[in-house]
Amino acid sequence: MEEAKKHGWKDFFGIIFKSKLPWKLYIIGIIMLFLSTTLGLILPKYTAGIYAGEIFDKETIRNYIVLMSLSTLLIALSALFSSLTPAVTLRNIQQTVWSKIIRAPMKDYNKQPSQQLISRVTVDPIFIDSAITEFSTVIIATYSLVGSYVIMYNMNPKLTFALLPVIPYILIVSAIVGHFTQKRQLAVQAQFSGITAFFAERLPRIRLIKSFNKEQEEIDKGKEILLKQYQVEKRRAIVDLYGEPLLKSVRAIIVGTVLIYGSYLMSKGEMRVSQVLSFYLYVQFIHMNVLKYGIFWTTIKNAKGASEKIADILKNDSEQLHRELPLNDSFANDITLENVSFSYDEKPVLSNVNLTIPAGKITAIVGPSGCGKSTLFKLLERFYEPNVGKMMLGDTPVDRYHLDEWRRSIANVAQASPLLSGTIRDNITYGLDREASMEEVREAAIMADAVGFIEEFPEGFETEVGEFGSKLSGGQRQRVAIARSFIMNAPILLFDEATSSLDARSENHIEESLEMLMKSRTTVMIAHDMSLIRNADQIIVMDNGQVSGTGTHDELFRTNKLYRQLVEIQMEKHEGLSTE
Ligand SMILES: Nc1ncnc2c1ncn2[C@@H]1O[C@H](COP(=O)(O)OP(=O)(O)OP(=O)(O)O)[C@@H](O)[C@H]1O
């Protein structure tokens, strides 16, 4: 982070080049702005003439009308470019960041809360986009300033010189006001992110809050956080209180100089009325343009901060997709873990694990809560790499196979099967890299005992499942996930309590289907259900991140104390349930 801060500008340009800016649109936009500014620079000469009474001068009127019409047309065209171009840039930067985030290795998601990652895609690119836009604005402002001074100098050098010291004054005032405004603005934004995170965490957990009667406590916490927001807003309002009059004073000084000194020069016959009026119009122009430097300064400071945060994500390595070997039918081989140790942070979760998952067979993993069963699954899916040791498929280390291809070969049904908003059909076919026919989708749903509840919905397979599948029950979500693994037809199946949310009838039904699915595939399951465990070809008992025993049910029941205990607990539970 510290290092990234030192490279704010490098980061800024790095992001620009990675995101492919619409340079052609920028160039056309700047040309339009140059033309419209040039016309804007000529126009006050005629406007002032008309103010001064030259309304019977046909040439003045004609030039004024032509210039005005052209200027309006060019302003309209540049407005089109100045809205369209930043929109393209913003889209490109956001796409770059999003692609990087989604391709990040799993360990990176543990480092930043998802609310912060959301700002990297939504808010931060806006700052970078604005800085690029303000850069072209400042180029035009400089052109406009120099142009105004040249024209004014040609009209009257004395009054022009009198106005020169005003520029540093405006710059200093706008830099000071800009500095404080930016500081307050950032505080408001930081507070606002906090508020968003607060509400975003509470609303999806409204049931938890209500069931523990925590509404009043949450209202008070909400009030507290909103009060903090009010306080930072108040501080910003105070900056505006001093800033606005200071910025207005600049205008008063320049207009005052033109009117007083200009009238004096007029009284001495050194200037005409129309020239003083022209000066009056030009200095407004100058004022407006110098203020743009202040805005530019604030914008680029924000963009630098945003670039550092985005670069922190962009500089990280993406998941290694690199492929040396095609997978083809390599899954006919066993998967082995050789001396594997792994920790998420400091605390070791798996230590010196040696195991073999035989191809085409069913392996059940059992062990007490927190012993590392799900972590083992994450290693099998290559979400994480072992810190020590290696995973092999046959005689080949798995990192020689393409990651996408590897994951596509694994169907996963987890305890809390996650769905995404979309239709039931979308969710069944999610992960499939080809179009699936309706018959195929229905067939998968039949196998997962899901077709009954799906066809009860008026929209059937086209029913929207809601955010995270919230319109479906836990068991229904799980059946959709099981249907998904049927249609994926993957050679490896990972079941994490695959039947845990199902009622007894569905469970029996699905167990039959799962048995069919597991035939001639490599299956690894985390299960507590004895009927599933007992039928496994191999059971691996895990204890505190280590393998405590491997064998069949009968072997382990005889030789492994922990396994015997686990079986007894399950049997007691089962008896308890059946006598209730
Ligand atoms: N993302 C993570 N970051 C840090 N520690 C983690 C992370 N995920 C799991 N752990 C820790 O790793 C250990 C093993 O967790 P894991 O989920 O693998 O256990 P498990 O055997 O599947 O448990 P359960 O049966 O309760 O689901 C736990 O101590 C847990 O706190």
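# Group meeting: a walk through the model

Okay, let's start with Ser374, which is found in helix H13. Before I go further, please keep in mind that this is a predicted model. So, is Ser374 buried or exposed? Somewhere in the middle: Ser374 counts as partly exposed, because 16 other C-beta atoms lie within 10 Å. I also checked Ser374 against Leu532, which sits 158 residues away along the chain, and their C-alpha atoms are separated by 17 Å.

I picked Ser374 because it belongs to the set of residues around the ligand, partly exposed as we just heard, with those 16 other C-beta atoms within 10 Å. Which other residues are around the ligand? Going along the chain, we have Asn110, then Tyr344, Asp345 and Val349, and then Gly367, Ser369, Gly370, Cys371, Gly372 and Lys373, with Ser374 and Thr375 finishing the list. Which helix gives the most to that shell? That's H13, residues 373-380, with three residues. As for chemistry, the shell splits into seven polar residues, three nonpolar and two charged.

Staying with H13 for a second, look at what follows. Arg382 is in the loop between H13 and strand E4, and E4 covers 388-393. Arg382 isn't a glycine, yet its phi is positive, about 60 degrees. For context, most residues other than glycine have a negative phi. Arg382 is partly exposed, since it has 19 C-beta neighbours inside 10 Å; the cut-off for buried is 20 or more.

There's another positive phi to show you. Asn339, in strand E1 (residues 335-343), has a phi near 50 degrees, and again the residue is something other than glycine. Buried or exposed? Asn339 is exposed, because there are 12 other C-beta atoms within 10 Å, and 12 or fewer is what we call exposed.

Now to the helices, beginning with the record. The UniProt entry, which is unreviewed, lists residues 23-43, 64-84 and 159-180 under "transmembrane region". What does the model do over residues 23-43? That span is 100% helix and 0% strand, and its end C-alpha atoms lie 30 Å apart. Residues 64-84 are likewise 100% helix with 0% strand, and there the end C-alpha atoms are 30 Å apart.

On to packing. H3 and H7 have axes 10 Å apart and pack at an angle of about 25 degrees. That makes H3 roughly parallel to H7, and H3 passes H7 in a right-handed crossing.

H7, residues 124-155, also meets H4: the two axes come within 9 Å and cross at roughly 140 degrees. How do we class that pair? H4 and H7 are oblique to each other, because roughly antiparallel needs an angle over 145. The crossing of H4 and H7 is right-handed.

Next pair: H9, residues 166-202, and H11, residues 215-267. Their axes come within 9 Å, crossing at roughly 165 degrees. So H9 is roughly antiparallel to H11. What's in the contact of H9 with H11? By class, it has 19 nonpolar residues, eight polar and seven charged. And the handedness here is left-handed for H9 and H11.

Back to the loop between H3 (23-51) and H4 (58-102), which is where you'll find Gly53. Gly53 counts as exposed, because it has 10 C-beta neighbours inside 10 Å. If you want a feel for the scale, take Gly53 and Lys309: they're 256 residues apart in sequence and, C-alpha to C-alpha, 58 Å apart in space.

Two more stops. Ser421 is in the loop between strand E6 (410-413) and helix H15 (424-429). With 14 other C-beta atoms within 10 Å, Ser421 is partly exposed. How far is Ser421 from Phe468 in space? C-alpha to C-alpha it's 5.8 Å, with their positions 47 residues apart in sequence.

And finally Gln478, in helix H18, residues 474-488. Gln478 counts as buried, because it has 28 C-beta neighbours inside 10 Å. The C-alpha atoms of Gln478 and Gln116 are separated by 30 Å, and along the chain those two are 362 residues apart.

That's my tour; happy to go back to any of these.

Technical notes:
Residues numbered from 1 in each chain as written. Predicted model: local features only at pLDDT ≥ 70, side-chain atom pairs only at ≥ 80, totals over all residues. Near = placed C-beta within 6 Å. Helix = DSSP H or I, 4+ residues; strand = E, 2+ residues; numbered from the N terminus. Nonpolar A, V, L, I, M, F, W, Y, C, P; charged D, E, K, R; others polar. UniProt positions renumbered as here; feature names shortened; annotations may be inferred. Axes fitted to C-alpha atoms, helices over the stretch in contact; angles between N-to-C directions. Parallel < 35°, antiparallel > 145°, perpendicular 65-115°, else oblique. Left-handed = near helix turned anticlockwise from the far one by under 90°.
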